[in-house]
Amino acid sequence: MKTLFLQAPSFDGFDGGAGSRYQAKREIKSFWYPTWLAQPAALVPGSRVLDAPVEELSVEETLDIAAEYDLVIIHTSTPSFPTDAKFAEFIKQRRADILIGMVGAKVAVEPDASLLASSAIDFVAREEFDYTCKEVAEGRAFKDIAGISYKLIDGSVQHNPSRATIEQMDDLPFVSPIYKRDLKIDRYFIGYLLHPYVSIYTGRGCRSKCTFCLWPQTVGGHRYRVRSAANVLAEAKWIKENMPEVRELMFDDDTFTDSSNMERVHDIARGLHAMGWTWSCNAKANVPYESLKIMKDNGLRLLLVGYESGDDQILHNIKKGLRTDIARTFTENCRKLGITVHGTFILGLPGETKETIARTIAYAKEINPHTIQVSLAAPYPGTSLYKQAIENGWLEHNTAANTVNDKGVQLAMISYPHLSKEEIFHGVETFYRSFYFRPSKIWEIVKEMAGSWEMTKRRLREGVEFFRFLRAHEA
């Protein structure tokens with residue numbers, strides 16, 4: 001079947017296509033690559049990936065394109081599902097014979113509710129859906145496809161047996177040729193990455209057990225299954241030769257620096273250095289100095305690090321597997337080596353109080369990552385945090401889907417007897433103001449801008465967006 005892999009239109013700046021846990025409009029408009037759509041697209045000859053939010057396509061423009069296909073597979077998430085389902089209905093109104101499926105963590109953990117939410121959704125794919133999409137596109141009968149759920153003639157839902165986890169990650173084709181073929185590379189930008197960048201996965205799954213983290217608990221699993229260093233380097237070489245405008249590679253694995261994987265990381269780093277690459281990755285704040293040095297000496301520029309909290313009890317509560325003293329030493333090592341750090345923090349996790357929020361803000365200022373992102377605890381269905389929040393009365397079941405407002409700004413969903421949702425929500429702007437509106441941090445950013453006119457223009461644009469975000473948060 002002629003197949004379209006679709007990121008449907010949404011509110012301006014919504015980052016629901018991100019592979020990360022952060023499915024909302026960011027403080028600064030930014031977009032991750034739709035890798036989870038590009039990967040199955042690489043398995044389906046003649047398919048197309050359409051990222052409507054990034055291309056700023058209207059509903060009508062996107063419908064005109066979708067109507068040309070026999071099969072439309074939409075990537076959805078808990079925040080975007082209502083509008084994605086409505087868009088599926090618009091497609092059916094144009095052409096009732098188009099087959100529509102949905103993929104993503106939301107439908108993986110709630111297949112019944114997702115299918116019954118709209119008559120326009122013909123099937124959902126659970127677990128890892130790459131080969132599931134391939135088999136649907138080949139026209140196989142639903143009853144013969146593992147890993148899908150679909151509606152029977154009587155309206156009931158049929159769940160086929162689960163699809164086995166992909167073990168041979170090298171068997172998956174590269175996603176970068178799909179990026180080049182279907183996407184507008186210059187539209188993808190992240191505030192802390194060089195532009196233009198490309199992000200790819202070198203493996204799936206994460207051995208960490210963080211209670212809030214969506215993908216390991218819903219799709220990827222807790223076993224880290226990796227591509228070989230040779231395979232990763234072959235794709236890096238392809239990008240270098242075919243996408244010469246790309247200035248940085250970002251490895252978007254949940255924890256690229258998993259301790260079970262460090263020799264592979266070293267091999268990849270050395271191979272990237274030989275090609276002249278600058279690169280960044282997601283990392284846990286426990287990488288040894290020796291490994292950090294090897295990575296830095298071989299082209300590493302930035303680490304995206306999930307600190308989450310400056311309170312050790314909260315880190316224990318969420319099963320982070322990390323202490324603040326270890327993260328403090330790690331961050332100091334990065335500073336000594338000249339590795340830039342983008343730190344992420346979460347407010348509203350179990351154990352949060354006014355005092356722990358203040359402690360986390362003070363901790364962030366002390367360790368001083370170059371840039372930060374502050375999120376609100378998001379109890380996505382399928383996570384341990386969601387179950388815990390429901391059981392303890394921190395979250396009402398029927399409000400769990402309302403994780404963002406109609407403009408895409410993340411809302412505080414969890415509240416505690418001693419700490420309201422409003423207090424947690426407004427803790428975000430307090431955090432940002434305390435961190436960024438310091439003379440030392442302002443001077444740090446001014447020096448960065450002074451070294452590059454391109455960086456000056458970029459930071460000025462981001463500054464305008466950031467102040468708009470703060471005003472929206474205050475409202």
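A residue is called buried when its relative accessible area is under 20%, and with that cut-off in hand the tour of this predicted model can open at Asn-298, which is buried because its relative accessible area is 11%.

**Stop 1: Asn-298**

Select Asn-298 in the loop that runs between helix H12 (289-297) and strand E13 (300-308). If residues up to four places away in sequence are not counted, what does Asn-298 touch? Show Ala-269, Arg-270, His-273 and Trp-279, for these are the residues that Asn-298 touches on that basis. Keep Trp-279 on display, since this residue returns at a later stop among those with the most contacts inside the largest nonpolar core.

**Stop 2: the whole chain**

Now zoom out to the full protein chain, in which 19 helices and 15 strands can be coloured. Of its 475 residues, 59% are buried. Of the contacts in the chain with a separation of 6 or more, 71% are between residues 24 or more positions apart.

**Stop 3: the nonpolar cores**

In soluble globular proteins, nonpolar side chains tend to be buried together. The largest nonpolar core here has 119 residues, and those with the most contacts inside it are Tyr-179, Phe-251, Trp-279, Leu-303 and Tyr-307, which may be selected as a group. Helix H17 (residues 421-436) can be added next, as it gives the most to this core, with seven residues. Another core, of 24 residues, lies apart from the largest one, and Ile-65, Ile-74, Phe-81 and Ala-120 are among its members.

Return to Tyr-179 and leave aside its neighbours within four places in sequence; the residues in contact with Tyr-179 are then Tyr-33, Thr-35, Ala-38, Ile-185, Val-198, Ser-199, Ile-200 and Met-243. Two of these names, Tyr-33 and Ile-185, lead to the next two stops.

**Stop 4: aromatic rings**

The structure holds 17 aromatic pairs. One of them joins Tyr-33 and Tyr-197, whose rings are edge-to-face, with 5.3 Å centre to centre and 80° between the planes. This pair links distant parts of the chain, because Tyr-33 sits in the loop between strand E1 (3-7) and helix H1 (35-41), whereas Tyr-197 is in strand E8 (residues 197-200), 164 residues apart. Tyr-33 counts as buried at 2% relative accessibility, and Tyr-197 counts as buried at 1%.

Next, select Trp-36 and Trp-215, a pair that is stacked because the ring centres are 4.6 Å apart and the planes are at 20°. Trp-36 lies in helix H1 and Trp-215 in helix H9 (residues 214-220), so this pair ties together parts that are 179 residues apart in sequence. Trp-36 is buried, with a relative accessible area of 7%, and Trp-215 is buried as well, with 3%. To close this stop, display Trp-32, Tyr-33, Tyr-179, Tyr-188 and Tyr-197 together, as they form one aromatic cluster.

**Stop 5: Ile-185 and the cis peptide bond**

Ile-185 is in the loop between helix H8 (176-182) and E8, and at 9% relative accessibility it counts as buried. Leaving aside neighbours within four places in sequence, Ile-185 is in contact with Tyr-33, Tyr-179, Pro-196, Tyr-197, Met-243 and Glu-245. Pro-196 also lies in the loop between H8 and E8, and a cis peptide bond, with omega about -5°, joins His-195 to Pro-196. A distance drawn between the C-alpha atoms of Ile-185 and His-195, which are 10 residues apart along the chain, should read 9.4 Å.

**Stop 6: helices H14 and H15**

Two packed helices are described by the angle between their axes and the distance between the axes. For helix H14 (residues 324-337) and helix H15 (residues 354-367), the axes come within 10 Å and cross at roughly 25°. Angles under 35 degrees count as roughly parallel, and H14 and H15 are therefore roughly parallel to each other. Show Thr-324, Ala-327, Arg-328, Thr-331 and Arg-335 in H14, which meet Tyr-363, Glu-366 and Ile-367 in H15. By class, this contact has three nonpolar, two polar and three charged residues.

**Stop 7: two positive phi angles**

From H15, move to Asn-368 in the loop between H15 and strand E15 (371-376). Asn-368 has a positive phi of about 55° although it is not a glycine, and this residue is partly exposed, with a relative accessible area of 21%. Finish at Glu-56, in the loop between helix H2 (52-55) and helix H3 (59-66). Is Glu-56 buried or exposed? At 55% relative accessibility Glu-56 counts as exposed, and its phi is positive, at about 55°, although it is not a glycine.

How values were computed. Residues are numbered from 1 along each chain as its sequence is written. This is a predicted model: local features need pLDDT of at least 70, side-chain atom pairs count only at pLDDT 80 or more; totals for chains, interfaces and linings use all residues. Side-chain values use heavy atoms; hydrogens and water are left out. Axes are lines fitted to C-alpha atoms, for helices over the stretch in contact, and angles run from 0 to 180 degrees between N-to-C directions. Helices (H or I, at least four residues) and strands (E, at least two) are DSSP runs, numbered from the N terminus. Angles under 35 degrees count as roughly parallel, over 145 as roughly antiparallel, 65 to 115 as roughly perpendicular and the rest as oblique. Contact means heavy atoms within 4.5 Å. Ala, Val, Leu, Ile, Met, Phe, Trp, Tyr, Cys and Pro count as nonpolar, Asp, Glu, Lys and Arg as charged, and the others, Gly among them, as polar. A nonpolar core is a set of buried Ala, Val, Leu, Ile, Met, Phe, Trp, Tyr and Cys residues joined through side-chain atoms within 4.5 Å. Buried means under 20% relative accessible area, exposed over 50%, partly exposed in between (1.4 Å probe, protein chains only). Rings of Phe, Tyr and Trp (its six-membered ring) pair if their centres lie within 6.5 Å; planes under 30 degrees apart count as stacked, over 60 as edge-to-face and the rest as tilted.
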